[in-house]
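Reader: I'd like to go through the labels people put on a structure and hear the reasoning behind each one. Could we do that with the one below?

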Amino acid sequence: MIPWFGTITARENYASSLADAQYVEIATAQRQLLLNVAENYYRLYAIRAKQRVLEQNIDLLEAYEELALTSLEVNQASSVDVLRLQMRQNQLRERLENFDEEFKAEQAAFNTLLNAERGATVKVYDSLAVPQEDPVQLPEVPQVHPELLRFDKLYESVGEAEKMNRKEALPDLGFGLDYVSVGEATAMEAPDSGKDILMPMVSITIPIFGNKYKSVTRQNELKQRELNAQRENRHNELVSRLETALSNRAEARISYRTQLLNIEQANDAEEILMRNYETGTIDFNDVLDVQELQLNFQLNLIEAVKNYYQASANINYLSE
């Protein structure tokens, strides 16, 4: 038995369309992996940058402690001021150690994404800055985005499945050769006695009941409608994600500019305090307040940089 003409080709096309859909899923997974690697890398950068800031602030507090000890000798400061500066250093050292543990965890996750050893060293940038301007043209989710192409390929595979279904609803042809071994007659003489029989055969099988194939056709139609709805919904989700990423990038830029301004003003306040020290009127409570403000602004600046580049990575994933 052989299928109707074109049935085998229809099966091949259907299998090929399924393979195309699987390939698109692989491409999507690769893009998602790149996004995960980028996001993880910027978290590593932020942790390292925050550690450097903490180390700088600890050094600064140690310098303030020396000033406080000097002032204590001339009764311009109290022992409480020295103790508060020391306790503040202890707090920063604790945060520094916590960041070290957090970095190890993120580094292990990063190496896992790269299929590398968990303890492999990861080099990160010493510093990153937010560009002055973003591209003027707003990005859009392309219709050929892999997450959307997947639905297109699945839609095509259902179309190929319907073609195959229609071919299978057609008659099947049969070709054969019947062979019968015949012995010689012994009781009587007969013409062609003992000659074997060789008989070619041709057959055709016609499906009488087509409800099975009609049901499959209906299922394929519903499946294609479902895929169209899923594609539209997924497109809307990607557009929403892109808008959120653009908003996050804009917010990160605003925060970045604000923190730069705050750091500049905090540095001015620090200079004023140092001038007051020369006149013997320094207030170490003010010193601690300004130092805490400086630290918060510096940490917020690093967080803004991280958020900016993570949002940019998401924008690239959604728009390219």
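Reader: What makes H1 and H3 roughly antiparallel to each other?

Author: One thing up front: this is a predicted model. Now the helices. The axes of H1 (residues 7-73) and H3 (residues 146-168) cross at roughly 165°. Angles over 145 degrees count as roughly antiparallel, so that is the label H1 and H3 get.

Reader: And how far apart are the axes of H1 and H3 where they meet?

Author: They come within 8 Å. H1 passes H3 in a left-handed crossing. As for who sits in that contact, the residues split into 10 nonpolar, five polar and 12 charged.

Reader: On to the rings. How many aromatic pairs are there?

Author: Five, counting rings whose centres lie within 6.5 Å.

Reader: Why is the pair of Tyr-41 and Tyr-42 called edge-to-face?

Author: The ring centres of Tyr-41 and Tyr-42 are 5.7 Å apart, and the planes stand at 75°. Planes over 60 degrees apart count as edge-to-face, so the name fits this pair.

Reader: Then what is the pair of Tyr-41 and Phe-110 called, and why?

Author: That one is tilted. Its centres are 6.3 Å apart and its planes meet at 50°. Stacked needs under 30 degrees and edge-to-face needs over 60, so 50° leaves tilted. The pair also links distant parts of the chain: Tyr-41 belongs to helix H1 and Phe-110 to helix H2 (residues 79-113), 69 residues apart.

Reader: Are Tyr-41 and Phe-110 buried or exposed?

Author: Both are buried, and so is Tyr-42. Ring pairs also tie Tyr-41, Tyr-42 and Phe-110 into a cluster with Tyr-125, Tyr-308 and Tyr-309.

Reader: How do you know that the charged end of Arg-48 sits over the ring of Phe-103?

Author: The distance part is easy to check: the charged end of Arg-48 is 3.6 Å from the ring centre of Phe-103, and the cut-off is within 6 Å. There is an angle condition as well, within 35 degrees of the ring normal. Arg-31 lies over the face of Tyr-317 too, at 5.4 Å from the ring centre.

Reader: Last one. What makes Asn-276 partly exposed?

Author: Its relative accessible area is 28%. Buried means under 20% and exposed means over 50%, so Asn-276 lands in between, as partly exposed. Asn-276 lies in helix H4 (residues 211-278). Asn-276 and Val-290 are 14 residues apart in sequence, and their C-alpha atoms are 14 Å apart in space.

Key. Residues numbered from 1 in each chain as written. Predicted model: local features only at pLDDT ≥ 70, side-chain atom pairs only at ≥ 80, totals over all residues. Heavy atoms only, no water. Axes fitted to C-alpha atoms, helices over the stretch in contact; angles between N-to-C directions. Helix = DSSP H or I, 4+ residues; strand = E, 2+ residues; numbered from the N terminus. Parallel < 35°, antiparallel > 145°, perpendicular 65-115°, else oblique. Left-handed = near helix turned anticlockwise from the far one by under 90°. Nonpolar A, V, L, I, M, F, W, Y, C, P; charged D, E, K, R; others polar. Phe/Tyr/Trp six-rings, centres within 6.5 Å; stacked < 30°, edge-to-face > 60°. Buried < 20%, exposed > 50% of the residue type's maximum accessible area, 1.4 Å probe, protein only.
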